[in-house]
Amino acid sequence: MQPGPSASAVGSPRPAPMLARQRQEHILERVAATGGVRVADVVEELGISEMTVRRDITELVTQGLVERVHGGAVAAGPTTLEPRFTAKSTLNLEAKRRIGQAAATMVRPGDSLALSAGTTTLALAQALTELEHFPTLTVITNSLPAAQVLFDAADAARAENRDAPTVVITGGERTPSNALVGLVAIDALSTMRVEWVFLGAHGFTPEAGLMTPNLQEASANQALVAAGRTVVATLDSSKWGVLGLRSFCATRDIEVLVTEAEPDPDGVDALTQAGTRLTIAT
């Protein structure tokens, strides 16, 4: 008599499917830990369908526990809530790196440019230091972290008797996102003209444009926009659909929007109608 198949031969029992409550708790844990979650990540982690994840997010939105954004969800909060720079600096690092590198390729030898504050523009600052023509650039910023990256790279070049770029910091009052704002920053920017202005943002919708929860930072960013010939928005996809207290740049004033994921068709149409060129950082 032949022995019957062992348990290992027929395979272990399939795990019981997670209850909706368990799936939603997983989503909330991810949002609490990182500030946001992507639908694709939950699909991979839990082995469930995209439709199921979107249904769970819809339920959490109904309960006021999260806010829906393009491709996922973020923590629910008032439009005046301003995350600290350290809290944002660990989110979507690979997307921001790709966006920074894609934006840096637009900059030509000898160009002058301005960077706003933000973790995506910080990634752009790092990408600028890797350009062969970095020493020929003039960079103005109201971002303390970006200024530090640029200053360090310039100092390293001088130490090796190589040419170094010109780096200008605006001065002003420091915000939780490490931006320099207020009258000092605005006065400094009001007399400057550059080829490029690269902007980060707390949130974006095609209707409202780029937004921030900090009123003074919005004013400084408006001064940046006025100083530039070409405005480039650098946004990872978690910022789509997120609201801030004040808009500082209308979509029609954005020449190029660089992001890492294709927006939904309505978003693409809105950018096209506004005359904004979409660049996907791959």
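**A tour from a buried ion pair to the nonpolar cores**

Begin by selecting Arg 23 and Asp 56, which form a salt bridge whose closest N and O atoms are 2.6 Å apart (a salt bridge being a side-chain nitrogen of Lys or Arg within 4 Å of a carboxyl oxygen of Asp or Glu). Because Arg 23 sits in helix 2 (residues 20-34) and Asp 56 in helix 4 (residues 50-62), the pair ties together parts that are 33 residues apart in sequence. Helices (H or I, at least four residues) and strands (E, at least two) are DSSP runs, numbered from the N terminus. Arg 23 and Asp 56 are both buried, where buried means under 20% relative accessible area, exposed over 50%, and partly exposed in between, with a 1.4 Å probe and protein chains only.

The model on screen is predicted, with local features needing pLDDT of at least 70 and side-chain atom pairs counting only at pLDDT 80 or more, while totals for chains, interfaces and linings use all residues. Residues are numbered from 1 along each chain as its sequence is written, and side-chain values use heavy atoms, with hydrogens and water left out.

Stay with helix 2 and select Arg 30, whose side chain meets that of Glu 45 in a salt bridge of 2.2 Å, N to O. This pair links distant parts of the chain, since Glu 45 belongs to helix 3 (residues 39-46) and Arg 30 to helix 2, 15 residues apart. Glu 45 has 40% relative accessibility and so counts as partly exposed.

Next, select Arg 38 and Glu 260, whose side chains meet in a salt bridge of 2.9 Å, N to O. Arg 38 is in strand 1 (residues 36-38) and Glu 260 in the loop between strand 14 (256-259) and helix 11 (265-274), 222 residues apart. Arg 38 is partly exposed, with a relative accessible area of 24%, whereas Glu 260, at 9%, counts as buried. A search of the whole structure finds nine salt bridges.

From strand 1, display the open sheet of three strands in the order 1-3-2, with antiparallel pairing; two strands pair if DSSP finds at least two bridges between them. Strand 1 and strand 2 (66-69) are the edge strands, each pairing on one side only, and the twist averages 25° from one strand to the next. Strand 2 is joined to strand 3 (residues 72-75) by four bridges, and Val 69 has Gly 72 in strand 3 as its bridge partner.

Now move to the largest nonpolar core, of 26 residues, in which Leu 113, Leu 115, Leu 128, Leu 137, Phe 198 and Val 258 touch the most other members. A nonpolar core is a set of buried Ala, Val, Leu, Ile, Met, Phe, Trp, Tyr and Cys residues joined through side-chain atoms within 4.5 Å. Among the elements that each supply at least two residues of this core are helix 6 (93-104), helix 7 (119-129) and strand 14, and helix 7 gives the most, with five residues.

Center on Val 258, which touches residues including Ile 99, Met 106, Val 232, Leu 235 and Ala 281, not counting residues up to four places away in sequence; contact here means heavy atoms within 4.5 Å. Apart from the largest core lies another, of 22 residues, among them Leu 199, Ala 223, Leu 224 and Leu 257.

Finally, zoom out to the protein chain, which has eleven helices and 15 strands, and of whose 282 residues 46% count as buried.

Terms used. Axes are lines fitted to C-alpha atoms, for helices over the stretch in contact, and angles run from 0 to 180 degrees between N-to-C directions.
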